[in-house]
Every structure is written in structure tokens, then in C-alpha cells.
Amino acid sequence: MRLLLFSLIQDGEDNDIDFDVVNMNNADLDLTQVGDNNAIDIDVDGRTSNGSSMSITQTGDNKSYTGSFWCGSSSCSMTVNQ
């Protein structure tokens, strides 16, 4: 059973996603940015993040992605497409 499903789509220019996540057990996070000059900055402190996944997709020019991730479990996944 998924406890958290967070899906965000930004379409346009000069968009910014910046957030922190703590304890994302059984969570799915899906972030998509379409357009130019977009940025994503995510910090995940997943001490109890068993069964969690994160997917990040950015298209366009001048995109940036930064993050700090810690998964304290044996089953976490992350996919980044730029």
C-alpha cells in the first residue's frame, strides 16, 4: 500500500522545485519540468523509506538538478531523465 503519491508537472520557463522530504515510507514522488531555465533541488532524509521511488524528468534547455539523498532501507529507487 502506497502512503504518499506526489506528482508535480511544471510546463513553462524559469520554474523551480525546491523541497525536503523526511520519512517517505512506501512513497512515490514524480516530478516533471518541461521548458527552459528550470531547476530542481531536493533533499531526502529517508530514514524509513522502504519501498519508495522517485522519478525526475526535465526537458528543454538550461535545466539544473541538485539533490542530497539518503535511503536507510534496502529498497529505494530513483530515476533522473534530462
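Here are some notes for a first look at this structure, which is a predicted model.

1. Start with the overall layout. The chain has seven strands and zero helices, so going along the sequence you simply read β-β-β-β-β-β-β. If you came looking for a helix to orient yourself by, the count there is zero, and the strands will have to serve as your landmarks.

2. Next, some whole-chain numbers. Of the 82 residues, 28% count as buried. The accessible surface comes to about 4,800 Å², and carbon and sulfur atoms own 45% of that. Looking at contacts in the chain with a separation of 6 or more, 56% are between residues 24 or more positions apart.

3. Now the inside. The largest nonpolar core has 12 residues: Ile-17, Phe-19, Val-21, Met-24, Ala-27, Leu-29, Leu-31, Ile-40, Ile-42, Val-44, Met-54 and Ile-56. Which strands each supply at least two of them? They are S2, S3 (27-34), S4 (39-46) and S5 (52-59). As background, nonpolar side chains tend to be buried together in soluble globular proteins.

4. Ile-56, one of the core residues, is a good one to click on. Setting aside neighbours within four places in sequence, Ile-56 is in contact with Leu-31, Ile-40 and Ile-42, and also with Tyr-65, Thr-79, Val-80 and Asn-81. Leu-31, Ile-40 and Ile-42 are themselves listed in the core, while Val-80 will turn up again in point 6.

5. How many aromatic pairs does a search of the whole structure find? One. The partners are Phe-6 and Phe-19, set edge-to-face with 5.8 Å centre to centre and 70° between the planes. This pair links distant parts of the chain, since Phe-6 sits in strand S1 (residues 4-11) and Phe-19 in strand S2 (residues 16-22), 13 residues apart. Are the two rings' residues buried or exposed? Phe-19 is buried because its relative accessibility is 18%, under the 20% cut-off. Phe-6, at 34%, counts as partly exposed because that value falls between the 20% and 50% limits.

6. On the outside, have a look at Phe-69, Met-78 and Val-80. Together they form a nonpolar patch on the surface, with about 230 Å² of accessible area. Val-80 lies in strand S7 (residues 76-81) and is partly exposed, with a relative accessible area of 31%. Val-80 therefore shows some surface, and this patch residue also contacts Ile-56.

7. Trp-70 deserves a quick stop. You'll find Trp-70 in strand S6 (residues 64-71), partly exposed at a relative accessible area of 46%. Trp-70 and Val-22 are 48 residues apart in sequence, yet their C-alpha atoms are 9.8 Å apart in space.

8. Last, two loop residues to check on the backbone. Asn-37, in the loop between S3 and S4, has a phi near 60°, a positive value in a residue other than glycine. Asn-62, in the loop between S5 and S6, also has a positive phi, near 55°. For exposure, Asn-37 counts as partly exposed at 33% relative accessibility, whereas Asn-62 is exposed because its relative accessible area is 59%, over the 50% cut-off.

Notes:
Residues numbered from 1 in each chain as written. Predicted model: local features only at pLDDT ≥ 70, side-chain atom pairs only at ≥ 80, totals over all residues. Heavy atoms only, no water. Patch = residues over 30% accessible without salt bridge, like charges linked within 9 Å, V, L, I, M, F, W, Y side chains within 5 Å. Areas by Shrake-Rupley, 256 points an atom, 1.4 Å probe, with all protein chains shown as cover. Salt bridge = Lys/Arg side-chain N within 4 Å of Asp/Glu carboxyl O. Helix = DSSP H or I, 4+ residues; strand = E, 2+ residues; numbered from the N terminus. Buried < 20%, exposed > 50% of the residue type's maximum accessible area, 1.4 Å probe, protein only. Phe/Tyr/Trp six-rings, centres within 6.5 Å; stacked < 30°, edge-to-face > 60°. Core = buried A, V, L, I, M, F, W, Y, C linked by side-chain atoms within 4.5 Å. Contact = heavy atoms within 4.5 Å.
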